Protein chains: 2
Amino acid sequence: MIAPPLLKPGDTIMFVAPAGPLDRQRMELAKQRLEERGYRIKMRDDMFAETGYLAGSDQRRAEELMQAFLDPEVDAVFPGTGGYGTMRMLELLDFAAIRANPKLFIGFSDITALHSALNQHAGLVTYHSPNPMWGLGSEDNLQPFSAKYFFGAVEQAAHDELADPQDGYLIECPDGVPQPVAWGSGRARGRLVGGNLSLVAAVEGTPYAIDTQDAILLIEDVHEAPYRIDRMLRQLQLAGKLEGLRGAVLGQFTDAYDEDEEQPAEGDDFSVNGVLRQYFADAGIPVLMNFPIGHYPQNCTLPLGAEVEIDADAGTLRVLPLLAPGH
Amino acid sequence: MIAPPLLKPGDTIMFVAPAGPLDRQRMELAKQRLEERGYRIKMRDDMFAETGYLAGSDQRRAEELMQAFLDPEVDAVFPGTGGYGTMRMLELLDFAAIRANPKLFIGFSDITALHSALNQHAGLVTYHSPNPMWGLGSEDNLQPFSAKYFFGAVEQAAHDELADPQDGYLIECPDGVPQPVAWGSGRARGRLVGGNLSLVAAVEGTPYAIDTQDAILLIEDVHEAPYRIDRMLRQLQLAGKLEGLRGAVLGQFTDAYDEDEEQPAEGDDFSVNGVLRQYFADAGIPVLMNFPIGHYPQNCTLPLGAEVEIDADAGTLRVLPLLAPGH
């Protein structure tokens, strides 16, 4: 795995739109804030293209992403948002060329398909994180928790302050942030894989299916009813993808119920938490549920394709030191 | 493939609940109507079990289904409805025992996972059809079109009247029934596979993934937005499942848009039909779209695992003669 260089003041970040269309106002706000922090922002004129639910054609979006990785002026690649569309461009990407030009890559939700493809096909560590439209360019900006772990992960100076060179850093969840709940016991180390559950399920059976063997699986989702979460987890289970796990991080599953729908009680086996419990509570591996990550203002940044450690007894997640570039 | 014997007056049909909970009133109405037609109905006391979104535990539902196939008194197995749950019991079924006791099996929606498992793991022809809760037990009963092709498929006497021993029968769509539209040209013969697109996608990557090689793929769905249909078809495409197709039957995709959502124009590439067009219009195979099958009152019954023929020039679908039992 290659861990791309972290950001330094003066670096250039390229905004891209590999999935759904972008909102100009939010992208502009994200640009201003990152410029104030010392970065230069680059983007293509056609980044705001809108073709149905896509930010322009598959060809346009793939070319833009390849340009971002190949342009020597660019140091990091920030997809503006998720939505849907990354699965449509996987076959148009040149993963060898990306591997030869490793750059910091962020995002979440639909970006999950790119994360796993970059991890597995380009050997690149990437960052599951807030993005320009949902966090960096939100009216009320990144929440303190989200900002701490975003910049602590992707910015060299903030990272050096946060992380111990030998032990990495613990994710600390102060009051006001969802409190992780541990299932199982003991500790587990493994490379972190996954992201948005819908995407993890949607690449099953394809060459982009996620390798979960000896890994720690991260999942989160939005607008998926409990039976749909069940169906996706059952797909992973039948595909053997839950068998070789060392641990799991279960993030937020927001808006799982219709507004007019009565929510099942917390202890109900068929509530969201009940479904998660069915698959993970007695899996014999350390699990952290209700972790502050996902479609939620408290959205922790974590490295994908890199090592993390779950301590189920302490109820904590530790990000281990990244591999040096070229390791 | 084994084509199980069709129904004769005096035969016994067992109602089962392998997925979601059943409605007593509709099941009672379906029972009455089938009894009036000369059948005996059998069911277990616990068929109306309700555990969250499931009709009782996985074990209960699996035992009930196995009992239906193994009980020598039972001639046909009618799941009351779909919903969700069949994927949770696939590993609890004894397909060799089912193969040794071939019986007529019907249903649609979530039942798709059982259809394909019975086709592929028990070598049994099954019937994609209305069910007791949605059609047979509906207040206004099966619509004439649905009734004609349901009984014409599953009842020996009606079948003999409908089908030519050499040529089988054409599905005819009179006024008031959705009119199929052909894409591509020429004719294709192949075994029919598929059903509900969400389930076809949800078994990808598992031992129950659907073998589409040299097949004619049937898909329909309900409550799935265009981008979700796109995502599922992209999964199948990336998995290579659209490559070896001989043809496709695209059924109804009902309630694809939220009520308060503006529907895209018919010609829009990102409407439901636009998405289907992207994958199937130029696939070089005969395709029938807007076929009257799915979550819709006009729900044609078609045999799965058996041969059908699409004639794209005539815009028709022909059900070919079934293999003899034990063939």
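User: Where does Ser109(A) sit?

Analyst: This is a predicted model, and in it Ser109(A) belongs to the loop that joins β4 (104-107) to α4 (112-121) of chain A. Its phi is near 65°, which is a positive value in a residue other than glycine.

User: What makes Ser109(A) count as buried?

Analyst: Buried means under 20% relative accessible area. Ser109(A) has 12%, so the label fits.

User: And where is Ser109(B), and is it buried or exposed?

Analyst: Ser109(B) is in the loop between β4 (104-107) and α4 (112-121) of chain B. Phi of Ser109(B) is near 65°, again a positive value outside glycine. Its relative accessible area is 13%, so Ser109(B) is buried.

User: How do you know that Cys173(A) is in no disulfide?

Analyst: Look at the sulfurs. A disulfide needs two cysteine sulfur atoms within 2.5 Å. For Cys173(A), the nearest cysteine sulfur is that of Cys300(A), 7.0 Å away. In fact, a search of the whole structure finds zero disulfides over all chains.

User: Why is there no bond for Cys173(B)?

Analyst: The closest cysteine sulfur, in Cys300(B), is 7.0 Å from that of Cys173(B), so it's too far for a bond.

User: Why are Cys173(A) and Cys173(B) called buried?

Analyst: The cut-off is under 20%. Cys173(A) has a relative accessible area of 17%, so it counts as buried. Cys173(B) has 16%, so it does too.

User: Why is helix α5 of chain B described as largely enclosed?

Analyst: Eight of the eleven residues of α5(B) (residues 144-154) are buried, so the rest of the structure largely encloses the helix. Among those buried residues are Phe145(B), Tyr149(B), Phe150(B) and Phe151(B).

User: What do the buried residues of α5(B) pack against?

Analyst: They pack against several elements of chain B, including α1 (24-36), β3 (76-79), β5 (126-128) and α6 (156-162).

User: What makes Asp11(B) a buried residue?

Analyst: Asp11(B) has a relative accessible area of 10%, and the limit is under 20%, so it's buried. You'll find Asp11(B) in the segment before β1 (12-16) of chain B.

User: Which residues is Asp11(B) in contact with?

Analyst: Leaving aside its neighbours within four places in sequence, Asp11(B) is in contact with Leu6(B), Gly38(B), Tyr39(B), Arg40(B) and Asp75(B). There's also a polar partner: a polar atom of the Asp11(B) side chain is 2.9 Å from the backbone nitrogen of Lys8(B).

User: On to the two chains. What makes Arg228(A) and Glu224(B) a salt bridge?

Analyst: The rule asks for a side-chain nitrogen of Lys or Arg within 4 Å of a carboxyl oxygen of Asp or Glu. The side chains of Arg228(A) and Glu224(B) come to 2.8 Å, N to O, and meet in a salt bridge. The rule finds four salt bridges across the interface of chain B and chain A.

User: How many residue pairs are in polar contact there?

Analyst: The count between chain B and chain A is 17 residue pairs. Turning to chain B's side, α8(B) gives the largest share of the residues that touch chain A, eight of them. By type, that side divides into 18 nonpolar, eight polar and nine charged residues.

User: How much area do the chains bury between them?

Analyst: About 2900 Å², with 58% of it on carbon and sulfur atoms. In chain B, Arg231(B), Leu238(B) and Phe270(B) lose the most area to chain A, together 25% of what that side buries. As for contacts, 35 residues of chain B touch 35 residues of chain A.

How values were computed: Residues are numbered from 1 along each chain as its sequence is written. Chains are lettered from A and ligands numbered from 1 in the order in which they are written. This is a predicted model: local features need pLDDT of at least 70, side-chain atom pairs count only at pLDDT 80 or more; totals for chains, interfaces and linings use all residues. Side-chain values use heavy atoms; hydrogens and water are left out. Contact means heavy atoms within 4.5 Å. Buried area is the accessible area (1.4 Å probe) that two parts lose on being put together, summed over both. A polar contact is a pair of N or O atoms within 3.5 Å; within protein, one must be able to donate a hydrogen and the other to accept it, and residues adjacent in sequence count only if both atoms are side-chain atoms. Helices (H or I, at least four residues) and strands (E, at least two) are DSSP runs, numbered from the N terminus. Ala, Val, Leu, Ile, Met, Phe, Trp, Tyr, Cys and Pro count as nonpolar, Asp, Glu, Lys and Arg as charged, and the others, Gly among them, as polar. Buried means under 20% relative accessible area, exposed over 50%, partly exposed in between (1.4 Å probe, protein chains only).
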